[in-house]
Amino acid sequence: MTSIKTLLKQPGVLSIAILAALLLVVFPAAFDIFRLNLIGKYLTYAFVAIGLVLLWGWGGVLSLGQGVFFGLGGYAMAMFLKLEASDPETTKIQSTPGIPDFMDWNQLTALPIWWEPFHSLTFTFIGVLAIPMLLAFLISYAMFKRRVGGVYFAIITQAVALILTTLIIGLQGYTGGVNGMTDLKTMAGWDTRTDSAKVILYYACAGMLLLCVVLGTWIQRSKFGTLLLAMRDKEDRVRFSGYDVSMFKVAAFCLAAGVSGIGGAFFALQVGFMSPSFVGIVPSIELVILCAVGGRMSLVGAVYGALLVNAAKTLFSESFPDLWLFLMAALFIGVTMAFPLGLAGLFESHIKPWWKKRSDERRRIKQRLKELENGDDDHGGTANESGDTVSAIADPSDSPAGLVIRRSPV
Amino acid sequence: MSSNTDFVLAVEDLTVSFDGFKAIDNLNLYVDHNELRVIIGPNGAGKTTLLDMICGKTKATAGSIKFKNEEMTVLPEYTRVRKGIGRKFQTPSIYENLSVFQNLEVSFPKGRSVIGAVFFQCTDEVKARVQAVAEEIGLADTLSTEAGLLSHGQKQWLEIGMLLMQEPELLMLDEPIAGMSVRERELTAELLKRISSNRSVIVIEHDMEFVKKIAQKVTVMHQGKILAEGTMDDVQSNPQVIEVYLGH
């Protein structure tokens, strides 16, 4: 019991525990399968958002093309699912049975060679991670080694998003074009459209997301995380302290891309299709907004940002079909103007101090009562009690929002 | 092309031109082991550019820079640092959002690759080293302070401390006492004397009082070239130097 208590007192652990409880217990209990599936979809965007926290919030590298990596992960998964949905039996009315329907419509008569590996589930799982990371490596290595950064890098990522969208739409016979890949049914024989499958996929997605948050927290606490912050503020100082700055940026970019790819794969699984509308410039910018609203310095904050913004999007578009875009814009502008560090920043600067003050006050009153109850004959106990209180008060990190990490010095 | 030397640093025929303007023009400079060299010169003489070229921030157009007899001009910045060249910038360049401890810890020369940094452990060795350096620069009491909250002078010291963490054999300081109070200047002069006892140090400075206090050998630069070299007294009595610099 006490060990759990001390574990929870470690900075960051409590917030992850609360998030885990919310995702794994509260949501499944509170919502029906339709809503749960929707939340699962929002969570796939959260993967991208936590990647952006590491890349943009900590590393200071803004990418406006994260949709590319989300899309690549999603397409890799969708290709596997599509192949499985296109067995010769179900596609026997096509002129070439056994290939995906859109290929048949586009007069392809054989499966393109680069589709073949996606028959393998293992290859697909590796590809979901490796393909986005490989592209991220190529782009970022070329850019960062040449010291291209800041706005220029952001513009290049936008260009990549545009190129990939155009490519997917243009190569209709190979990619399904603007419609994307639809009618995804089973994964290794397991029907992903049933209610029970949706629940299982939700748990898998939420579990994987939590794992990524834990891993991300671990990276933030490592020297790599400290260096990311250092690079963001004084790149030259890091370089002239003997670090190859470009490789650290490449690593952060690849990491963010890999996480986004996982998100994309879960999207394809849960939503049942993948299309270029999740790859281009607009969705990429929306993904950055999720991160900004949630708080670009906080991994947990980014998850809440993704949930809140997407839930608002659904809610607004259901209730005010004409107004919802304006309401969304108001939300974005409002949050980013009033709280530059997003919801997580708001929590750190307002709610946390308020809560601390309140709990301190309550503790003081409790202690007073105890003193009065015990009278004067129990001094030892009282002193001990007050000692505990002092350490508990001093314990929570009172750092401002921008200063997130505190690996205990000395 | 260039000679073998016993010098820590041997700069020979170094030239850099920006659109035809030669900021450094055929310059030769030799720095000995455990030497504290001060470079002075009027604004635009090319002092900072020279340091930029030695540490790799600016690429040379021609010439050679040898550190411990190894050619540096072809190496990227971080490799030069790893070989033992440390550079302090003109304005204090520290990580304001990190604590003093973290500033020093990040500068510890281990875990410099991406993977190495992920698995880097702050061992007792690192802590002891941080403590030792913090005492050297007089910041041992402020280890947990956010570096942005330090005074200007303390920031300058912190950056020197970050360099000391790397144990460089050649330390280059660009105007280390800029913006310091009289007392801080005195402390800095003592610090420089201490740290130059077992390494070579190049200091750029404008403050003549300070230069007199620390300098063993002074190099005067003017228009990208070396105008004079010698003890402070030699240099101050050199008529050319008086004309371009001290006479102003």
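1. A good place to start is the interface: 30 residues of chain B are in contact with 25 residues of chain A, contact meaning that the C-beta atoms of two residues, placed from the backbone, lie within 7 Å. On the side of chain B that touches chain A, α2 (77-83), α3 (100-106) and α4 (114-118) each give two or more residues, and α2(B) has the largest share with four. That side divides into 15 nonpolar, eight polar and seven charged residues.

2. A word on the basis: this is a predicted model, where local features need pLDDT of at least 70 and side-chain atom pairs count only at pLDDT 80 or more, while totals for chains, interfaces and linings use all residues. Residues are numbered from 1 along each chain as its sequence is written, and chains are lettered from A in the order in which they are written.

3. Next, the largest nonpolar core has 176 residues. Such a core is a set of buried Ala, Val, Leu, Ile, Met, Phe, Trp, Tyr and Cys residues joined through C-beta atoms within 7 Å; buried means 20 or more other C-beta atoms within 10 Å of a residue's own. Ala46(A), Ala49(A), Ile50(A), Leu52(A), Ala302(A) and Val303(A) touch the most other members. Helix α12 (residues 245-271) of chain A gives the largest share, 17 residues.

4. Do look at Ala302(A): leaving out residues up to four places away in sequence, its contacts include Ala46(A), Ala49(A), Leu290(A) and Gly294(A).

5. Finally, helix α6 (residues 152-165) of chain B reaches 20 Å from its first C-alpha to its last. Of its 14 residues, 13 are buried. Glu167(B), which follows α6(B), has a positive phi, near 50 degrees.

Notes:
The expected span of a helix is 1.5 Å times one less than its number of residues. A residue is buried if 20 or more other C-beta atoms lie within 10 Å of its own, exposed if 12 or fewer, and partly exposed in between; C-beta atoms are placed from the backbone. Ala, Val, Leu, Ile, Met, Phe, Trp, Tyr, Cys and Pro count as nonpolar, Asp, Glu, Lys and Arg as charged, and the others, Gly among them, as polar.
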